[in-house]
Amino acid sequence: MMDELAANRTPVVIASEINTMKRQMEKIFLIHTIEIGRRLKEVRSMLPNGEWGQWLEVSVNYSQRTAQRLIMLFDAYGEYFPLSPAGEASQNRAMLQGGERIQTEEGRTLPNLTSVQALILLGLPKEERVEFLMEMDVEGMSTRELKQAVEQRQEAQQEAEQAVTERDQARQESVDLRDDLDKEKDKNSRLTEERDSLKAEIHDLERVKGKLEQEIENKKASYDKLKERTGYKAIKQMEAALNEAYGKAEANKIAFLYDSLFKNFKELAYEMTRFAGKNPELHIIYKEKIQDFLHNALREKL
């Protein structure tokens with residue numbers, strides 16, 4: 001019987017046994033690693049500020065970086081290994097006895113992981129990590145293959161987030177563009193109203209001008225008649241009245257031109273202020289031209 005068993009133990013069979021033991025050892029190591037992280041987190045909550053690093057060095061010979069990695073493993077996977085009343089991880093015993101797999105809250109079975117694989121998978125968010133484990137044959141991957149797969153997943157996630165960001169940005173730009181168009185419509189409507197108002201003022205001024213010109217003609221005709229039958233004093237009084245009428249007509253004309261100049265300059269100042277934000281270089285050129293024009297205009301004799 002012993003000879004028959006020895007004959008069946010080939011190098012292939014022994015290698016399979018060794019690899020099985022290695023996998024079991026790695027899985028058990030992960031469980032103990034998570035449990036160490038659980039206890040490190042428990043101790044950290046007990047210690048006063050400033051004593052954590054010293055306690056790690058003196059009590060367990062861990063650096064803070066190593067301790068943080070162990071706590072991160074517990075935070076990520078500890079929920080899958082709840083403590084039994086005796087304080088031992090429930091799935092620890094199960095895996096030691098039969099290699100039971102990890103199950104999520106939804107009842108989905110996760111592949112067995114080594115501590116190295118578990119650390120690599122920390123690069124993914126929890127939900128993404130569970131989906132990754134469901135989709136990929138993690139147990140059959142080498143460390144390099146797993147790292148590459150996780151990096152590709154991260155790149156895809158970043159590209160998706162970038163696409164969402166660009167979409168949101170495009171939507172915001174569309175909203176801003178609509179707002180700008182609405183503002184332009186309001187401005188055009190306001191300018192149209194101002195134009196119509198100016199046209200009405202021009203019409204009124206022309207009507208007044210016509211009346212004044214008619215008054216002047218009437219006064220001139222009266223003056224001519226009076227000139228024939230009145231003396232020099234009466235003629236002078238008529239000339240004064242005539243000059244006053246001319247003065248009123250010229251004053252109204254100047255008032256109209258001043259009002260038009262003031263409104264045009266006000267609109268020019270508004271457009272220049274708005275144009276400065278769109279094309280600063282061209283704005284400077286036009287600003288200099290306007291300043292030169294105003295300077296030369298002020299030098300003109302009024």
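**Salt bridges, a helix crossing and a surface patch**

In this predicted model, the side chains of E271 and R274 come together in a salt bridge, with 4.0 Å from N to O. The two residues sit 3 apart in helix α9, so about one helical turn separates them. E271 is partly exposed, at a relative accessible area of 24%. This pair doesn't stand by itself: salt bridges with shared partners link E184, K187, E271 and R274 into one network.

Another link in that group is the salt bridge between R274 and E184, where the N to O distance is 2.3 Å. Here R274 belongs to helix α9 and E184 to helix α8 (residues 143–229), so the contact ties together parts that lie 90 residues apart in sequence. How exposed is R274? With 31% relative accessibility, R274 falls in the partly exposed class, because that class covers whatever is neither under 20% (buried) nor over 50% (exposed). E184, at 25% relative accessibility, is partly exposed as well.

As for the wider tally, the count of salt bridges comes to 14. Put in general terms, side chains of opposite charge can pair when their charged atoms come close. R195 and D196 give one more example, their side chains meeting at 3.2 Å, N to O. R195 has a relative accessible area of 43% and is partly exposed; D196, with 38% relative accessibility, is also partly exposed.

Stepping back to the overall layout, the protein chain contains 10 helices and 2 strands. Followed along the sequence, these elements run α-α-α-α-α-β-β-α-α-α-α-α. Of the 302 residues in the protein chain, 21% are buried.

Now for the packing of two of those helices. Helix α2, spanning residues 11–46, packs with helix α3, spanning residues 52–60, at an angle of about 135°, and their axes are 10 Å apart. That angle makes α2 oblique to α3, because roughly antiparallel would need an angle over 145 degrees. The crossing of α2 past α3 is right-handed.

What lies past α3? The loop between α3 and α4 (64–77) holds N61, a residue other than glycine whose phi is positive, near 60°. As a general matter, most residues other than glycine have a negative phi. N61 is exposed, its relative accessible area being 66%.

Back towards the other end of the numbering, which residues make up the nonpolar patch on the surface? The patch is formed by F265, L268, F293 and L294, and together they have about 380 Å² of accessible area. Two elements each supply two or more residues to the nonpolar patch, namely α9 (232–278) and α10 (280–299). F293 is part of helix α10, and with a relative accessible area of 58% F293 counts as exposed. Helix α9 therefore turns up in two settings: α9 gives residues to the nonpolar patch, and α9 also carries R274, the partner of E184 in helix α8.

Technical notes: Residues numbered from 1 in each chain as written. Predicted model: local features only at pLDDT ≥ 70, side-chain atom pairs only at ≥ 80, totals over all residues. Heavy atoms only, no water. Patch = residues over 30% accessible without salt bridge, like charges linked within 9 Å, V, L, I, M, F, W, Y side chains within 5 Å. Areas by Shrake-Rupley, 256 points an atom, 1.4 Å probe, with all protein chains shown as cover. Helix = DSSP H or I, 4+ residues; strand = E, 2+ residues; numbered from the N terminus. Buried < 20%, exposed > 50% of the residue type's maximum accessible area, 1.4 Å probe, protein only. Axes fitted to C-alpha atoms, helices over the stretch in contact; angles between N-to-C directions. Parallel < 35°, antiparallel > 145°, perpendicular 65-115°, else oblique. Left-handed = near helix turned anticlockwise from the far one by under 90°.
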